[in-house]
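Colleague: I should like to learn how to read a protein model feature by feature. May we begin with a single residue and then widen the view?

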Amino acid sequence: MNSNAIDIVIMTIYALPLVGLTIFLGSWFTEKRRLINGVWFNLFLLLLAADAVLFVFQTRNSIVTGIAVLLAVVVFGLIFLLFFSMVFLLLWNARIVWKREAHTLANSLTLLLAIGWIVLWVINLLPTAKFLPQWLNQILAILPLIIFYLLASFYNYLTNLVLYQFNRPRLNQDYIIVLGAGLLNGNQVSPLLAQRIQRAIAFYHKQKAKIGRAPKLVFSGGRGGDETIAEGLAMQDYAVAHGVPRTDTLAETASKTTFENMKFSKAVIVKDSEQPSSQSHIIFVSNNYHTFRAGLYARMAGLPANGIGSKTSKYFLPNAIIREYLAIFAMKKKQHLWVIGLIFGFDIIATIGAQIIQIIVNR
């Protein structure tokens, strides 16, 4: 290959991150509520890293090479440290959550994950392969690949969650949907729910000051089994008590799930505006860890709304993020089961093929 051809190949490789970034931005600005956005963004990062490696090899500069090696050592060192300290971090977080929150399954996810991590370590250390038939060992050997797939899926979710926090809606909204959460003592707005309402009120006042027109606040939430008032009404009363005119508020009081929040709030908005929801500018408010999944449900409900998040206590985030991932995994369970099934299928076929070859050879 002549030098001109080599230069063209190198320039093409250097241009690939720009292609990846263009694809990501096109997907992101077209629809922020898609899991594929994380895939495109991570592909862009991989291509950028590949270009950085190529640049280091091309320059052959000792200083550049030294800096690159140092950065690589730091990055992989941090990943290594995080991986092997994960159990202790999870147990530490579980202890804090156990002290500050209710002792429920949803608040024990970091503890369960730490226990699972320890069990995997123990199984890996024990000579279990000696006591199992070869064919079973070959099938179990595929488990690391499945675990890798699950970790990659989780990382893609985290990427989307972080990217979604950069959603910055314009100050021209017609409606702000505030998603409900459980009430304290059956009728009182909890601190977590108050953060959501305050986030919506802050946007309400900011827009009103900016363009002179305030959006209507739609408080969405039905009445739970242990509640004496619907969450939507409790939130509405809280907002009015904090200076929002009741005429600028609406209450949706039938929903039990996030999907119903979006579906029923859409109906309330259509009734109030007397026009299709697609003709209104709408956003929703939830806690930051919940915004991306809520966005997926809004898309499922045909509601053209993206979300903004209120802050959440840092100690609570690990449990909340794991819970959100499990919920999204369940939403996409068919796709995940297909992938895992294909992995197992190829492994079983390979195992059967190896057994047949061994039988033929032994004859």
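Colleague: Is Asp-174 buried, partly exposed or exposed?

Modeller: Please keep in mind that this is a predicted model. To judge a residue, one takes its relative accessible area: under 20% is buried, over 50% is exposed, and partly exposed lies in between. Asp-174 has 22% relative accessibility, so it counts as partly exposed.

Colleague: With which residue does Asp-174 form a salt bridge?

Modeller: Its partner is Arg-213, and the closest N and O atoms of the two are 3.1 Å apart. The pair links distant parts of the chain, 39 residues apart: Asp-174 lies in the loop between helix H6 (143-164) and E1, and Arg-213 in the loop between H7 and E2. Arg-213 is likewise partly exposed, because its relative accessible area is 36%.

Colleague: How many salt bridges are there, and which others deserve attention?

Modeller: The count comes to six. One of them joins Glu-324 to Arg-293, with the closest N and O atoms 2.8 Å apart. Here too distant parts of the chain are linked, since Glu-324 belongs to helix H11 and Arg-293 to helix H10 (residues 291-300), 31 residues apart. Both Glu-324 and Arg-293 are buried. In addition, Glu-31, Arg-33 and Arg-299 are linked in a network of salt bridges.

Colleague: Let us turn to helices. Why does the span of H4 agree with expectation?

Modeller: One compares the distance between the end C-alpha atoms with the span expected at 1.5 Å a residue. H4 has 17 residues and should span 24 Å; its end C-alpha atoms are 24 Å apart, so the two agree.

Colleague: Which residues of H4 are buried?

Modeller: They are Leu-109, Thr-110, Ala-114 and Trp-117. These residues cover an arc of only 140° around the axis, which means that they are on the same side of H4. The general idea is that an α-helix has 3.6 residues a turn, so residues three or four places apart point the same way. The buried residues of H4 pack against H3 and helix H11 (317-331).

Colleague: What does H4 give to the surface?

Modeller: H4 (residues 109-125) gives seven residues to a nonpolar patch, the most of any element. The patch has about 820 Å² of accessible area together, and its members include Leu-111, Ile-115, Val-122 and Leu-91. Leu-91 is in helix H3 (residues 62-100), and it counts as partly exposed because its relative accessibility is 34%.

Colleague: How many residues has helix H7, and against which elements do its buried residues pack?

Modeller: Helix H7 (residues 191-211) has 21 residues and reaches 30 Å from its first C-alpha to its last, close to the 30 Å expected. Among its buried residues are Leu-193, Ile-197, Phe-203 and Tyr-204. The buried residues of H7 pack against strands E1 (175-179), E2 (216-220), E4 (282-287) and E5 (305-310), and against helix H8 (231-241). Just after H7, Gly-212 takes a positive phi of about 80°.

Colleague: Finally, how many helices and strands does the protein have?

Modeller: The secondary structure comes to twelve helices and five strands. Of the 363 residues, 36% are buried. To see how far the chain folds back on itself, one considers contacts with a separation of 6 or more: residues 24 or more positions apart account for 73% of them.

Note on methods: Residues are numbered from 1 along each chain as its sequence is written. This is a predicted model: local features need pLDDT of at least 70, side-chain atom pairs count only at pLDDT 80 or more; totals for chains, interfaces and linings use all residues. Side-chain values use heavy atoms; hydrogens and water are left out. Patches are made of residues with over 30% relative accessible area and no salt bridge: like charges are joined within 9 Å, nonpolar side chains (Val, Leu, Ile, Met, Phe, Trp, Tyr) within 5 Å. Accessible areas come from the Shrake-Rupley method with a 1.4 Å probe; for residues, only the protein chains shown count as cover. A salt bridge is a side-chain nitrogen of Lys or Arg within 4 Å of a carboxyl oxygen of Asp or Glu. Helices (H or I, at least four residues) and strands (E, at least two) are DSSP runs, numbered from the N terminus. Buried means under 20% relative accessible area, exposed over 50%, partly exposed in between (1.4 Å probe, protein chains only). The expected span of a helix is 1.5 Å times one less than its number of residues. Contact means heavy atoms within 4.5 Å. The arc is that of the directions from the helix axis to the C-beta atoms.
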